[in-house]
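Work through the following exercises with the sequence and the model open side by side. Each task is followed by a solution that proceeds in steps.

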Amino acid sequence: MEIGLIALGAGLAIGLSALATAWAQARIGAAAVGAILEKPETMGTVIILLVIPETLVIFGFTIAILILTTLR
């Protein structure tokens, strides 16, 4: 397989997962600010909910590494 296509696949894996994470965090962050304003004691829960979408980037990064290392 050509190296350009492999690199494109790896780039798409991490790029699309980063875009999805950014979109999710924007939505969650907007809702989180409202929740914190109403109930300041929910700060810890809100931070955990903001971190959860970051796993998408980790998965995308893992897939990109797998693509780059196994398809040579």
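**Exercise 1.** Leaving aside its neighbours within four places in sequence, with which residues is Ala64 in contact?

*Solution.* Before starting, note that this is a predicted model, in which local features need pLDDT of at least 70 and side-chain atom pairs count only at pLDDT 80 or more, while totals for chains, interfaces and linings use all residues. Residues are numbered from 1 along each chain as its sequence is written, and side-chain values use heavy atoms, with hydrogens and water left out.

Step one is to place Ala64, which belongs to helix H3; helices here are DSSP runs of H or I with at least four residues, numbered from the N terminus. Step two is to list the partners: once neighbours within four places are set aside, Ala64 is in contact with Ala10, Ala13 and Ile14, where contact means heavy atoms within 4.5 Å. Step three is to consider accessibility: Ala64 counts as buried because its relative accessibility is 7%, the classes being buried under 20% relative accessible area, exposed over 50% and partly exposed in between, with a 1.4 Å probe and protein chains only. As a further reference distance, the C-alpha atoms of Ala64 and Ile6 are 9.2 Å apart, although 58 residues separate them along the chain.

**Exercise 2.** Describe the extent of helix H1, and identify its buried residues and what covers them.

*Solution.* Begin with the span: H1 runs over residues 3-38, a total of 36 residues, and its first and last C-alpha atoms are 52 Å apart, which is close to the 52 Å expected at 1.5 Å a residue. That expected span is 1.5 Å times one less than the number of residues.

Next, collect the buried positions, which are Ile6, Ala10, Ala13, Ser17, Thr21, Ala24, Gly29 and Ala32. The cover over these buried residues includes helix H2 (43-51) and helix H3 (54-70). Ala32 gives one example, being buried with a relative accessible area of 7%, and its C-alpha atom lies 5.9 Å from that of Val46, 14 residues away along the chain.

Finally, turn to an exposed position of H1, Leu16, which counts as exposed because its relative accessibility is 53%.

**Exercise 3.** Which polar contacts involve the side chains of Ser17 and Thr21, and which residues do these two touch?

*Solution.* Take Ser17 before Thr21. The side chain of Ser17 reaches the backbone oxygen of Ile14 at 2.9 Å, a polar contact being a pair of N or O atoms within 3.5 Å, of which, within protein, one must be able to donate a hydrogen and the other to accept it, and residues adjacent in sequence count only if both atoms are side-chain atoms. The backbone oxygen of Ser17 in turn lies 2.9 Å from a polar atom of the Thr21 side chain.

With neighbours within four places left aside, Ser17 is in contact with Leu12, Leu56, Val57 and Gly60, and Thr21 with Pro53, Glu54, Leu56 and Val57. Ser17 is buried, at a relative accessible area of 11%, and Thr21 is buried as well, at 2%.

Leu56 can then be examined from the other side: this residue of helix H3 touches Ser17, Ala20 and Thr21, not counting residues up to four places away in sequence. Leu56 is nevertheless partly exposed, with a relative accessible area of 36%.

**Exercise 4.** Characterise the surroundings of Gln25, and state whether it is buried, exposed or partly exposed.

*Solution.* Start from its location, which is helix H1. Gln25 counts as partly exposed because its relative accessibility is 24%. Not counting residues up to four places away in sequence, Gln25 touches Leu50, Pro53 and Glu54. Of these partners, Glu54 makes a side-chain to side-chain polar contact with Gln25 at 2.9 Å. For Leu50, the C-alpha separation from Gln25 is 6.2 Å, across 25 residues of chain.

Note on methods
Helices (H or I, at least four residues) and strands (E, at least two) are DSSP runs, numbered from the N terminus.
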